[in-house]
Amino acid sequence: MFDLQSFLNELWIARWAVLFGLGTTVAISALAIVFGSIVGTLVGLALTYGGRFLRLAVRAYTDFVRGTPVLVLVLASYYVMSTVGINLTPFQAGVLALAVFCSSHVGEIVRGALQAIPKGQMEAAKAIGLTFRQTFLWVLLPQALRQILPTWVNTAAEMVKASTLLSVIGVSELLLRTQEIISRNFLSLEFYFFAGALYFVINFGIELFGKYVERKTAVAGQG
Amino acid sequence: MSSLLEIQGLHKRFGTTEVLKGVDCAVRQSEVVAIIGSSGSGKTTLLRCINMLEDFQAGRIVLDGEEIGYETRDGVRRRKSEKEIARQRALTGMAFQQFNLFPHLTAAENVMLGLVKLKRMSRDEARTLAMRWLDRVGLAERADHFPGQLSGGQQQRVAIARAIAMQPKLMLFDEVTSALDPELVGEVLQVIKGLAADGMTMMLVTHEMRFAHEVAGRVIFMNGGVIGEEGNPKKMFLAPQTERLAEFLKSSSFN
Ligand SMILES: Nc1ncnc2c1ncn2[C@@H]1O[C@H](COP(=O)(O)OP(=O)(O)O)[C@@H](O)[C@H]1O
Ligand SMILES: [Mg+2]
C-alpha cells in the first residue's frame, strides 16, 4: 500500500542524503560530460584530420574503449590505476572512467559530423587565409554542431545513467544513497521510483539544453 | 616591366601521376589572363598550387617578390610553416566552381569573417566594408540572407565579394560560371568584367570563349600539364599556331 504521508515523512528524514546523492550524480555526470566532450572533440579532430600514425593510435583508443563494458572501465580506473602508482579517490576514478567512455563516443560523433562537411568549406576558409584553428572554430565546428547535438544529448544522458555504476566502487551517488535509505526504511518501491524520477529530471534538463542550443544555431534556408 | 606573379618549372604529381609537367608563366600587375584547355589538362591544379591548396614537388611560384609555399635553405627545399602559408594564401583570392559559401553565415557575415579574424577589424568596420563589396556585386539588399536563400548566381557573387574584400594582390577564378544555370551566367561575368576594368590582376579558368576573348589580355592554353600555346586572344582564337589548340577551339562552341 502506498502511504504518501509516511513516504513524505521518510523523505524529509532522508532529505540531505538524497540531496547529496543527487549533487554527486550531477557533479560526476557534468564533469564527465565536459571533459569527455573536450577530449572527444580532439579525438574527432585527430580521426578526421590527423596523420596516418595519429589516426591509427586514436582509432585504437576509441575502439578499445567502445568495446569495453563501462563497468569494467570503472573498476579498472579505480583498481588498476593504483597499481601504477596513481591513487584516485572513488569520485576521481569514477569521473575518469566516465570521461574516457564519453570521449570515445563523442569522438565518433564529431568525426562523423566533420566528415559530412563538404571539402570545399575547408578550402574556401584556407583560400581566405584562415589558419586551421580559425577554420575549425568559425567554419567547421558551427556546421558540425547542428549534426552533433541530437546524438550528443543521447550520449550525455547515457553518462548520467552510467554514473549509477559508480556505486560499486563506493561513490555515494544518487543510487547508492537511495539504497542506503531503503535499507533503513524499507520503502523500496517509493524510493526507487523517486530516484528514477530524479534521473528523468536530469536527463530532461539535458534534452532541453540541447533543444535550446539547436534553436540558437538553426539557419534559415537550410533543411 | 617586372611581373606580379612568376611561375618557373612548376611540377605537380598526385601519387605517381604527373599532372603539371613544368609550367612557366608570368603575370603582370593588372593583367587579366584567361586559362583554357580541355578537361583534365591541369587548369584547376595550376590555380590551386598558386594558392597552396595543393603542395607541389618542384618549381617556384613567386608572388610580388615572395616565394609561395616553399623556401630553399642550404640547398634543401622545405614547405613553409602552416602559419606562414595561411598568411600567403590571403595574398591571393580564389573563387570556386561550387561557390563554397559558409552556409551558417549570412552573405554579409561570409564577407566579414576574414576581415574580423585576419584583418582584426571590429564587427562594425567589417560590416561597413562588407556592405560596400556586396553593393559592388549588386547584392547589398541581400546582405542578411543565408546562402541557402540565394540563387546560384547570387551565391557566386557573394563568394567573389568575400574574396576581394580581403584585397588580394591576385584573384583566381576557377570556372566560376560552370555550375550556374545559363540565365545566371551573365550577372557573374559582369562582376568579373567590372573588376578587370578596375585593374584587378586575375587569372581565370573558363569555358566561356567569348568572355575570354572580351576580357582577357592574354590567353593560356593548357594541354596535358604544360602550356601548349599562349598569346593575345585575337591571335589565339583566330590563328592558332598549334594543331592541338585548333582542335580544342573547334570542339568548344564559341557561344
Ligand atoms: N586530388 C587529386 N588526386 C588525384 N588526381 C587528381 C586530383 N585532382 C586532380 N587530379 C587529376 O589531375 C588532372 C588535372 O586535373 P585538373 O587540374 O582538375 O584539370 P582541369 O581543371 O584542367 O580539368 C586530372 O587528370 C585529374 O584526374
Ligand atoms: Mg578544373
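This dialogue reads the fold of chain B and one of its strands in a predicted model.

Q: What does the secondary structure of chain B come to?
A: Chain B has nine helices and 12 strands. Its radius of gyration is 18 Å, close to the 18 Å that the globule rule gives for 255 residues, so chain B is as compact as a globular protein of that length. The C-alpha trace spans about 50 × 50 × 35 Å along the principal axes.

Q: How many of the contacts in chain B, in per cent, come from residues 24 or more positions apart?
A: Among contacts with a separation of 6 or more, such pairs account for 62%.

Q: What share of the residues is buried, and what supplies the exposed area?
A: Taking buried as under 20% relative accessible area, 54% of the 255 residues of chain B qualify. The chain exposes about 11100 Å², and 46% of this comes from carbon and sulfur atoms.

Q: How many charged side chains are there, and how far apart are the centres of the two sets?
A: Chain B carries 33 positive and 31 negative side chains, with the two centres 3 Å apart.

Q: How should the faces of a strand be read, and which residues of β8(B) lie on each side?
A: Side chains in a regular strand alternate between the two faces of the sheet. In strand β8 (residues 92–95) of chain B, Thr92(B) and Met94(B) are on one side, and Gly93(B) and Ala95(B) are on the other. These residues are all buried, which leaves both faces covered.

Q: Which strand is joined to β8(B), and by how many bridges?
A: Strand β9 (residues 170–174) of chain B runs parallel to β8(B), and four bridges join the two. Within β9(B), Leu172(B) is the bridge partner of Met94(B).

Methods
Residues are numbered from 1 along each chain as its sequence is written. Chains are lettered from A and ligands numbered from 1 in the order in which they are written. This is a predicted model: local features need pLDDT of at least 70, side-chain atom pairs count only at pLDDT 80 or more; totals for chains, interfaces and linings use all residues. Side-chain values use heavy atoms; hydrogens and water are left out. The radius of gyration is taken over C-alpha atoms; the globule rule is 2.2 Å times the number of residues to the power 0.38. Buried means under 20% relative accessible area, exposed over 50%, partly exposed in between (1.4 Å probe, protein chains only). Contact means heavy atoms within 4.5 Å. Accessible areas come from the Shrake-Rupley method with a 1.4 Å probe; for residues, only the protein chains shown count as cover. Lys and Arg count as positive and Asp and Glu as negative; His and the chain ends are not counted. The place of a charge is taken as NZ of Lys, CZ of Arg, CG of Asp or CD of Glu. Two strands pair if DSSP finds at least two bridges between them.
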